[in-house]
Amino acid sequence: MAVTIPNLRPSEWAHIARELTFGQALALLAVVSVVYCVVDALSPKSRQLAKIPSIGYGPIPIGIIQRWYGTINLMLDGRRLLQEGYTKHKGSMFRLSGLENELIVVADQGKFAEYVAAPDSVLSQQEPVNKLLAVKHTVGILSATSTMHAPLVRINLTQHISRWVGAIREEIVKSFDREIGIPAEWTEVAVADVIPTTIARLGNRVMFGEELAKNEQHIENCIGFTHDLIVSAFSIRVFPAWLQGLAVRFSPILKRRRLVDKVARPYVQARLDAVAAAGGGQDADVPDDMLTWLIHTYPEELRTVDAMIETMMFINFGSIHTTASSFMAALYHIAAEPDKYIPALRQEFEQVCSKDGGPGGEVITKQMLGKLVKMDSILLESLRLDPPQMASVHRYVLKPFTFKDGTTIPAGATLCLAASPIQNDPEYFENPAEFDGFRFARPAGQDDDGQSERMYTVNTSLKNSTFGHGRHACPGRFFAVNEIKLLMAELLSKYDVKLIPGTKPRQMYFGVTTVPEQKLKLLLRARR
């Protein structure tokens, strides 16, 4: 039976509302709530999702209340719920209640392969990022709807790593000299502050030009943009989608975007003018970097200062946040056992340099960085234990998606992988709770095709999904990993490092996100 709502004017609705007593208003609210719960429970989406086991939803058998309870539970205790779901439903999947929608967590290799291979028209890789960071409001419409920059990061940037290794190393040396100096005795250093600054400088130098990399206000804005974006996104996500556009006005990201624009606009405009003067081709006076590639790649209507700055800062966010947190996670493990790891890492680096680094071993190349197997192992092991996202490879369901076993995931849910439980599963890793820095440096067996089974940080899989997997794996992971290796090699070549006695990094979690330690200082001194 259809329900017809009277077609009344707003003033007539207002009059009715004024005439209601408190008891009548309360009764009306109760009726509306009950109707909503019934309609919600009977909806095709809810019926389909109800077939998938839920974790942490609470005891009250009313869908909307269960989801509210489950969302609060997930935000406060996501790590435990994720592990509980994996333990109970390994080989299948289970549900968690997220802020915007329900998370369907896959705990099976076959199902993982199925959904990763799905077309973008069915499962979207971009939409989970848009929701997590409220990109439309915090960064801009272009970043929320376009991925034109991704092939430039994946192909052009990766192909130019060899050309930029020398410049990256030079920037690292200058930054360490400026920020740390050469302490003769053990000195407390806020390395977690030094590293983002260093990454911002070297990233901007090779991607957007040396002039911007030297501008201290721009570097401060890049680091502030990263922080303000995260804070703003999490603060406005508690509001419904229709209110987020208003809520963002009270967040710090809009002020930061204005500061970014003030510094970067003249520089970006000058580059646009230089490319235009070159007739759209490559001119000797135009730097061959990411900014120029963006100008050449974007259609004419997007070759604007606003579009370039928005894309530039979104790329900066990805390169600074993930690279810095990954580096610090590895360094904290090294600093906890310096005698075990530092001599071996130094020896490996020095052997590679003496063999392939030319006269005096002064030259470092991309190929040499690829031979730092022990350093790669330390990084991969730290990401195994401390992944930035405990559930990874998120895909938003645009159209109903059906697995081979007949299970259908309705539009509006999000699929993801139980990454952290898998990476701590004794079926895949011996003594998984233990940090074994050289776990992946030891000789490995071979697969059925005769290929080495040794895992590397940049090679994604079910057991290594920090950078995603499949055709949408992080396009900048090759650049980021080489950055981290150069940073670590220079730091350990120049300094002795250890934890301050009685301290250790704190592990904090929000939902399925790992919140990196940001306050812990380390003891550093000039290498002896």
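What is the volume of the second largest cavity? It comes to about 40 Å³, and I will return to that cavity after the strands.

First, the ground rules. This is a predicted model, in which local features need pLDDT of at least 70, side-chain atom pairs count only at pLDDT 80 or more, and totals for chains, interfaces and linings use all residues. Residues are numbered from 1 along each chain as its sequence is written, and side-chain values use heavy atoms, with hydrogens and water left out.

I begin with strand E2, residues 102-106. Helices (H or I, at least four residues) and strands (E, at least two) are DSSP runs, numbered from the N terminus. Buried means under 20% relative accessible area, exposed means over 50%, and partly exposed is in between, with a 1.4 Å probe and protein chains only. In E2, 5 of the 5 residues are buried, so the strand is largely enclosed by the rest of the structure. In a regular strand the side chains alternate between the two faces of the sheet. For E2, one side carries Glu102, Ile104 and Val106, the other carries Leu103 and Val105, and all of these are buried.

Which strands are joined to E2? Strand E1, residues 93-97, runs antiparallel to E2 and is joined to it by 5 bridges; two strands count as paired if DSSP finds at least two bridges between them. The connection from E1 to E2 is a hairpin of 4 residues. Within this pair, arginine 95 has isoleucine 104 as its bridge partner, and phenylalanine 94 stands opposite valine 105. Strand E8, residues 414-417, is joined to E2 by 4 bridges, and these two run parallel. Here isoleucine 104 appears again, opposite leucine 415 of E8.

E1 is also mostly covered, with 5 of its 5 residues buried. Met93, Arg95 and Ser97 lie on one side of E1 and Phe94 and Leu96 on the other, all of them buried.

Next, an open sheet of 3 strands, in the order E4-E12-E9, with antiparallel pairing. E4 (187-189) and E9 (495-499) stand at the edges with a single partner strand each, so one side of each is left without a neighbour in the sheet. From one strand to the next the twist averages 40°. Axes are lines fitted to C-alpha atoms, for helices over the stretch in contact, and angles run from 0 to 180 degrees between N-to-C directions. E4 pairs with E12, residues 522-526, over 3 bridges, and glutamate 188 stands opposite leucine 523 in E12. Across E9 and E12 lies helix H22, residues 477-494, at about 100° to E9.

Now the cavities. On a 1 Å grid over the protein atoms alone, a cavity is a set of points where a 1.4 Å probe fits but cannot get out, and lining residues have an atom within 4 Å of a point. Grid points are joined across faces, edges and corners, and a volume is the space filled by probe spheres set on the points. There are 4 cavities of 30 Å³ or more.

The largest cavity holds about 60 Å³. Helices H17 (305-336), H20 (373-385) and H22 each supply at least two residues of its lining. Among the lining residues are Ala330, Met375 and Ile484. By class, the lining has 8 nonpolar, no polar and 1 charged residues. Ala, Val, Leu, Ile, Met, Phe, Trp, Tyr, Cys and Pro count as nonpolar, Asp, Glu, Lys and Arg as charged, and the others, Gly among them, as polar.

Back to the second largest cavity. H20 provides the largest share of its lining, 3 residues. The lining residues include Leu380, Phe440 and Lys463, and the whole set divides into 5 nonpolar, 3 polar and 2 charged.

Two local items remain. Helix H16, residues 290-297, has 6 of its 8 residues buried, namely Met290, Leu291, Thr292, Trp293, Leu294 and Ile295. Their cover includes H9 (150-159), H10, H11 (191-208), H15 (253-277) and H17. H10, residues 161-179, also contains aspartate 177. Is that aspartate buried, exposed or partly exposed? Aspartate 177 is partly exposed, with a relative accessible area of 39%. Leaving out residues up to four places away in sequence, aspartate 177 touches Ile182 and Lys494, where contact means heavy atoms within 4.5 Å.

Notes. On a 1 Å grid over the protein atoms alone, a cavity is a set of points where a 1.4 Å probe fits but cannot get out, and a pocket is an open set with protein on both sides within 12 Å along at least five of seven lines; lining residues have an atom within 4 Å of a point.
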